[in-house]
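The exercises below are meant to be worked through with the sequence and the model open side by side. Try each task before reading its solution.

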Amino acid sequence: MTLNDLAPLIPLMVIAVSSVIIMLGIAFYRSRAFSGLLTLAGIAVAFITLFGVQGTRQVTSLLILDDYALFYIGLILAASFVVALLSSDYLEGRRENIEEFYILLLLSTLGSSVLAASTHFVSFFIGLEILSVSLYALIAYTRNELNIEAGVKYLVLAAASSAFLLFGIALLYGETGTMEFSRMSSGISAQGINKGMLLTGFALVLTGVGFKLAVAPFHMWTPDVYEGAPAPVTAFVATVSKGGVFALLLRYFIQVDMHAYPSLFGAVAFIAVASMFAGNLLALLQKNIKRILAYSSIAHLGYLLVAFLAGGVMRVTAVTFYLVAYFITTLGAFGVVTMLSGKERDADAVEDYQGLFRHRPWLALIFSAMLFSLAGIPLTAGFIGKFYIVAAGAGSALWLLVIMLVINSAIGLYYYLRIIVVLYAQPGHSEVSAVSSLPLTGSLVLVLLTVLLLWLGVYPEPLIEMIHRMTMRF
Amino acid sequence: MFSKHWMLIAPARCGAEMMELLWLIPAFPLAGFLALAVTGARMPKRLAAIIGTGSVGASAVVALFIGMHFISSPPQGHLSSQTLWTWIEIGEFRPSITFYLDPLSLVMTFVVTFVGFLIHLYSTEFMAEEEGYSRFFAYMNLFVCSMLILVLADNLLLLYLGWEGVGLCSYLLIGFWYKDHANGRAAMKAFIVTRVGDTSMAIGFILLYFNLGTLNIQEIMQRASQAWPVGSTFAVAAAALLLGGALGKSAQLPLQTWLPDAMAGPTPVSALIHAATMVTAGVYLIARTNVLFTLAPVVQEAVAVIGALTLLIAGFSALTQHDIKRVLAYSTISQIGYMFLALGVGAWSAALFHFMTHAFFKALLFLGAGAVILALDYEHNMFRMGGLRKELPLTFWTFLIGSASLSALPLVTAGFYSKDLILWYSLSSEDGSPWFWAAGMAGALLTSIYTFRMVFLIFFGAAKGRVSRKPGMTMKFPLLILAVLSIIGGFVELPRIPIFSEFVKTALPSAKTLHEGLLGEGMQQVIASGVSLIGVSIAYLLFLRAPLNVERFTSHPAGKALHRFWFSGWGFDWLYNKVFVGPFIWIARTNKDDFIDLIYGGMAWYGRFFHVALSLTQSGKVRWYAMGITIGAVITIGITVFL
Amino acid sequence: MPTAFLPEEYLPIVIFMVIILAFGLGTLAVGIVLRLRRPYQEKLLPYESGNPPVGEPRYRFSVRFYIVAMLFVIFDVEAVFLYPWAIVFDQIGLYAFVEMMLFIAILVVGYVYAWKKEAFRWD
């Protein structure tokens, strides 16, 4: 490792340094504005420095900064930026000492970015732990009963899942003698390998990753944590933490060539189908918006896995586009929840939204747009994303999975529309929707997200082009 | 000064870049719609009017420039297309947002933007007192945008988008005064009836795509003429299915019943959507896909027969209406019948020509009728009008010009030239027949009778109502312009100086005439002129000189029955209620719990069941969740290792 | 594939595990079946060296213990990290020195933070 190797790591370092500076700042003088602005500036600078990374740079055997990693880091940074904006107004008045929130936010962003760039089990695990440890605190941040319950649940279960992951890594290392993704396949083809051990290792890694992605049957923590965490943090858990892990999963299984193991393929297919059904069926009659969105994210990860299973060039395109669409919609939906939440509790009951259109037509329209996109209605990014997934699945003749996906889209439509119907119904008696005025930054963010959503739904070409270029050099 | 300068250099310097502006034509109304929709009722009326009218005006100006350029230095092959972007790209399925300009779409674009602009201008005053002013303009702009997408579309998917878009706007605008439930029902009826046609058209599109493997209309036409011999099953099926769509949209037999009810919308809407533009979308569709219809002579024959029947049936119904707008509605159905007749006998350019002149004079008549209706405090019944020619002189004269054009009074009116062309081809074309010609002639007679019945009842005789409002400048101006167009619009295609059909011949094949000897073109013109003049005289005799004769006839039992029959539009509504709606509702009721329903009910039941079952797993207990992860790990290992 | 995963050499182990399991469960079962059950109050009390139990078993420790424990872990890891570094220091040179200084600097920031937030003050 030389000084030259450090250059491509600048984006990651900017994030790390910002968090340290904020910590030092808080030690001497607490200022919400300072922490918040420095966080935003740090993320923005890191984002800009991403463009300075030229070509594909392998930094030791741990990290690689190629177009793929840069794209995902960019996506993660953008999402964190949105979360930071949303949370500044949300946290106000919910507890004292809200400055540390930003340190944790930056650290978990860093962890997720490391995941997107990692090519080695060590960086994988370190990234995952940086991400998770910060998340425990973030989830419990506003310290009401629900928060803490959610934080502790996440802590215990994430630690358990990390154990599975570590065991899996150990088995793989034991069989192949390497922790580098790229050298693993040559290690596998060597003679005298115990295939059972190898596959068990894969399965255990899948378990650990599956927990982070909240796919069935490792999904059960999701609704509790989503419901308990503060709304902006939920948005963060649903996007940033999953984005990094998914980027890693995709890179890992492409480099190890998952298609060489039909049974592993079968396991992922099982997880995909189980996630789609579990997510959609559990959301069906659910009355809590945050839980509905949690279940819906389980289902969406299931859809993503269908594209993941498809082979060929389409796979990366479909997955990446869908993930971008998913990021936008999820941030938007939780953004609306954040904006409407009162100080006592988050606006998470479906009744809170009854007749929202009457007194907050804009918010209702934005929420509808997000829900339409989640449901995959045309002219939204969600439709294009789903279309690509179906096309990718059909292109690889995964008919069973595609049929499951279509059935589940139909089921999903029910509960999305249920919320939309409520939005436009006669107003009920809810104190939440009577929040006096909406913060300006949050409103702007939501408008921007909606514009992006429709833009990608109507004119997806630039993004697709970008993804194509990225996959070329993959 | 600036604009003049620009106009001078435009054709010279801009060259092909001019065509690059094509996208602006639908973009302006779209932007207008978005601006109006976003601000909603908060926008001041004046600004809403400026945005609503200005956006359509701007696209009219762009259309004018592009048109001038197109005519002065035609692009290669007399067509140009502009691809904006590809929506999605998956294998062969590559629908792009591409606009296609050829003489056919140019003419349509012209009419839509210009007539659209005049009607918007008119509406700024006509709708001034209404609630939902900016909503009105938002819908109208959206309509213009959709209509432009429809005529400029290069592929079936985009065309379908425009097609459904205009349908949606039509629905929204018919039900504009939604507080009256009757209006909502009329809107619903229009939507559902046209939907029958749309479904057929959509199936047709799918059939074309799957058999020819492309969405691009020009490629489809090319491949169809190579792949399918004349009269082959696929060609006939595709043409017939598209015809279904055209019948619904253009209110032709048997799907014509929605148009008279659609008059529930504001009058400018009727002028723009239900007279000048949208209802002629069917004509456009058939003209655009004329290759298919040539490949399916049976269907083309059917087009002619339907056109002839429709023009007669609607003509008789128009005779008996009281409501001024319903007269005009039946007249529209009848005139589109003429266009279908022209399409059916292969006189493509004649149909387009009649579309253009009809857009001018029918919009004029609707706008004139609107002025009258407004003047008499929303009185629609012609029998409560009368003697208005003194009170509303400008309205009277322009209405008279429009009526003359509709009745095709010889030589000076646009309608004469276009209708004459159709009548001539219905006789002389390869596919023509004396029967078509006779039907057209009878229709012409009916047309001039009901038209002048309307003129005499409204503007002559004793004054019955009090004029409370006179049209202002913004209403008079469009009337004047349209009146001028209703006269000179016909001069672009004179016998032996066929400028218009020369212009469109690259897009639409010219008609093949056969039996020249049966009746010379000059002779047929003389007969047609005579017929329309006779019609006017009959109207004069029956409705101005001796109205008692008519009353005596209608009070006779047989006359009364006939009157009622015609008045109700030949009882189609009654028939459909008995044959379709009734049984459909009966089937729906009795069959509520049938097998199909059981599947859906079962799905819902299972959905709920599994929801409840799965919800039990969400106990909120960490140890159970950890157990879940473990079980999941065991399953995953089980599948990976042992499968 | 099962044969590949479970080679025959492992079979004795499997049998051994089964026997252990059976023996453990079996003795418990025998005990349950055979023993007398005559519970009374003293018998049901937890055994605390013969004394009657006092207070709740789930006693809450002061949160300060946790803070101290956490701080200990953090700085302990630092120390653990320093040993191997010191051993190979002469081989890896200046570069590693700078890196370690950075690492310590970050820890110092944490230390300053903890100090300022009065994490070391007991009362």
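**Exercise 1. Two helices of chain B**

Which handedness, left-handed or right-handed, does the crossing of α19(B) and α23(B) have?

Solution. Bear in mind throughout that this is a predicted model. Begin by locating the pair, which consists of helix α19 (residues 414-428) of chain B and helix α23 (residues 521-545) of chain B, whose axes come within 10 Å and cross at roughly 125 degrees. An angle counts as roughly antiparallel when it is over 145 and as roughly perpendicular from 65 to 115, and α19(B) and α23(B) are therefore oblique to each other. The crossing of the two helices is right-handed. On the α19(B) side the residues that meet the partner are B:D420, B:L423, B:W424 and B:L427, while α23(B) brings B:E521, B:Q524, B:Q525 and B:A528. Sorted by class, this contact holds four nonpolar, two polar and two charged residues.

**Exercise 2. A second helix pair**

Work out how α7(B) and α9(B) are oriented to each other.

Solution. The helices to find are α7 (residues 181-212) and α9 (residues 233-249) of chain B, which pack at an angle of about 150 degrees with their axes 7 Å apart. Since angles over 145 count as roughly antiparallel, that description applies to α7(B) and α9(B). Their crossing is left-handed. Among the residues that make the contact are B:V193, B:G197 and B:L207 of α7(B), together with B:F234, B:L241 and B:G245 of α9(B). By class, the residues of this contact divide into 12 nonpolar, eight polar and two charged.

**Exercise 3. The side of chain A that touches chain B**

Find which helix of chain A supplies the largest share of the side that touches chain B.

Solution. First take the totals, in which 38 residues of chain A are in contact with 28 residues of chain B. Then list the helices of chain A that each supply at least two residues of this side, namely α7 (145-176), α9 (195-213), α10 (221-228), α12 (262-283) and α17 (381-395). The largest share, nine residues, comes from α9(A). Finally, the residues of this side of chain A divide into 29 nonpolar, six polar and three charged.

**Exercise 4. Backbone geometry in the loops**

Decide whether A:A214 is buried or exposed, and do the same for A:R143.

Solution. Most residues other than glycine have a negative phi, and most peptide bonds are trans. A:A214, in the loop between α9 and α10 of chain A, has a positive phi of about 55 degrees although it is not a glycine. A residue is buried if 20 or more other C-beta atoms lie within 10 Å of its own, and A:A214, with 27 such atoms, is buried. A:R143 sits in the loop between α6 (121-139) and α7 of chain A, and its phi is also positive, near 60 degrees. With 12 C-beta neighbours inside 10 Å, A:R143 counts as exposed. Return now to the loop between α9 and α10 of chain A, where A:P217 is found, and note that a cis peptide bond joins A:A216 and A:P217, with omega about 0 degrees. In chain B, the peptide bond from B:L253 to B:P254 is cis, with omega near 0 degrees, and B:P254 is found in the loop between α9 and α10 (258-261) of that chain.

Conventions
Residues numbered from 1 in each chain as written. Chains lettered and ligands numbered in written order. Predicted model: local features only at pLDDT ≥ 70, side-chain atom pairs only at ≥ 80, totals over all residues. Contact = placed C-beta atoms within 7 Å. Helix = DSSP H or I, 4+ residues; strand = E, 2+ residues; numbered from the N terminus. Nonpolar A, V, L, I, M, F, W, Y, C, P; charged D, E, K, R; others polar. Axes fitted to C-alpha atoms, helices over the stretch in contact; angles between N-to-C directions. Parallel < 35°, antiparallel > 145°, perpendicular 65-115°, else oblique. Left-handed = near helix turned anticlockwise from the far one by under 90°.
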